[in-house]
Every structure is written in C-alpha cells, then in structure tokens.
Amino acid sequence: MIERTLVLVKPSGVARGLIGEVISRMERRGLTIKVARLLVVTPEMAARHYAEHKGKGFYDELVEHITSGPIFAMVVEGPSAVKVVRRMMGATNPLEADPGTVRGDFGLDMRRNVVHSADSLESAEREIAIFFPEGGELRT
Ligand code: CMP
C-alpha cells in the first residue's frame, strides 16, 4: 500500500550537514519527498509531538534538543513507507542501530540520534498535522 510518513532531521543532524544524506538515502530507496520545510520547533509543537513521552525521565532533555535549532521536516511517500523508513533509520539507540542505517552510521547517542520517523500510519498523520498544518500537500 502506498503510504505517507513523517521524517524529521533533528537539530544535531541539521547542524552536522546530514539533511542531504538522509534525503539521498530515501530517494535512492525509491521514496518520494512530497513536501519539506526547514523550521525551528516551538515548545508547544515539541509538547504535541512528544506527548507520549511526557513524564518520562528523558522528556525535558528531548524537548530541549528538538527546540535547540532548525530541524528539517519531510512528508515521505512510497510503498509501505512507514515500515521502510523506520528500517532505514535504524534502532532508536544508535548503539543498537545496525550499520547501514542512518542512526547506525551517524547517530551519536539517544538524544542526538539524527532523525525521527513516525512509528505508524496513525502517528504519521498526527505528526504531519503538527509540522505541516496546511495538510502536508504541495500547493500550487
Ligand atoms: P525519536 O524517534 O525522536 O522519538 C522519541 C525520542 O526520545 C527518541 O527518538 C530518542 O531521541 C528519545 N529517547 C527515547 N528513549 C530514550 C531514553 N531512554 N533516553 C533518552 N532519550 C530517549
């Protein structure tokens, strides 16, 4: 099934010049970038995006990082895009991520794990609405 998902290059990834690397990998895999935006996440957006982690020990650090500088947000489309992208990004903890995945090749630690990608179709739509309130479609 053709799906769309949300991918973020986090502030540490943007600062390290990894936007192109992430895009390139997804394009070579046959995925399509439908719409993209460089933006600074507000504390309100961060709270919506990471609502499921509120109350956890690492929450404040997580919000601090995601709001610390520009991120690059993308809506990515392709067959089984949610699962394909998650596998390409690798395990959340870069220490456990396989070589050949984005986090396995570039991740530094849990916080600076370069990218975020939605974990289900439902999360994808919820997250797309946060970063692309106009709907995540290209407008002419
Ligand atoms: P992300 O895909 O952005 O989704 C939630 C983020 O929380 C995750 O990547 C990690 O950066 C971070 N995270 C998850 N678990 C932990 C943890 N145990 N300690 C620190 N950060 C975590």
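How many bridges join β1 to β3? Select those two strands to begin the tour: they run antiparallel, and 8 bridges join them. What you have open is a predicted model, in which local features need pLDDT of at least 70, side-chain atom pairs count only at pLDDT 80 or more, and totals for chains, interfaces and linings use all residues. Residues are numbered from 1 along each chain as its sequence is written, and side-chain values use heavy atoms, with hydrogens and water left out. Helices (H or I, at least four residues) and strands (E, at least two) are DSSP runs, numbered from the N terminus.

**Stop 1: the sheet**

Now show the 4 strands of the open sheet, whose order is β2-β3-β1-β4 with antiparallel pairing. The edge strands, each pairing on one side only, are β2 (32–39) and β4 (115–117). From one strand to the next, the twist averages 20°. Two strands count as paired here if DSSP finds at least two bridges between them.

Zoom in on β3 (residues 71–79), which pairs with β2 over 7 bridges in the antiparallel sense. Across from Val-75 in β3 you will find Val-35, and Thr-32 stands opposite Glu-77. Val-76 of β3 has Thr-5 opposite. In a regular strand the side chains alternate between the two faces of the sheet. Colour β3 by accessibility and you will see a mostly covered strand, with 7 of its 9 residues buried. Buried means under 20% relative accessible area, exposed over 50%, and partly exposed in between (1.4 Å probe, protein chains only).

**Stop 2: a helix across the strands**

Next, select α2 (residues 19–28), which lies across β1 (2–9), β2, β3 and β4 and runs at about 5° to β3. Axes are lines fitted to C-alpha atoms, for helices over the stretch in contact, and angles run from 0 to 180 degrees between N-to-C directions.

**Stop 3: α2 meets α5**

Add α5 (residues 81–89) to the view: its axis and that of α2 come within 11 Å and cross at roughly 130°. That makes α2 oblique to α5; angles under 35 degrees count as roughly parallel, over 145 as roughly antiparallel, 65 to 115 as roughly perpendicular and the rest as oblique.

Which residues of α2 meet α5? Show Val-22, Arg-25 and Met-26 as sticks, together with their partners Val-85, Met-88 and Met-89 in α5. By class, this contact has 5 nonpolar, no polar and 1 charged residues. Contact means heavy atoms within 4.5 Å. Ala, Val, Leu, Ile, Met, Phe, Trp, Tyr, Cys and Pro count as nonpolar, Asp, Glu, Lys and Arg as charged, and the others, Gly among them, as polar.

Stay with α5 and select its buried residues: Ala-81, Val-82, Val-84, Val-85, Met-88 and Met-89. Their cover includes β1, α2, β3, α6 (102–106), β4 and α7 (121–131). Just after α5 comes Gly-90, with a positive phi near 90°.

**Stop 4: Met-110 and His-65**

Move to the loop between α6 and β4, where Met-110 is found. Met-110 counts as partly exposed because its relative accessibility is 49%. The C-alpha atoms of Met-110 and Asn-93 are separated by 5.1 Å, although these residues are 17 apart along the chain. Beyond its neighbours within four places in sequence, Met-110 is in contact with Thr-92, Asn-93 and Pro-94.

Finish at His-65 in helix α4 (residues 59–66). Is His-65 buried or exposed? With a relative accessible area of 7%, His-65 is buried. Not counting residues up to four places away in sequence, His-65 touches Lys-10, Pro-11, Ser-12, Arg-111 and Arg-112.
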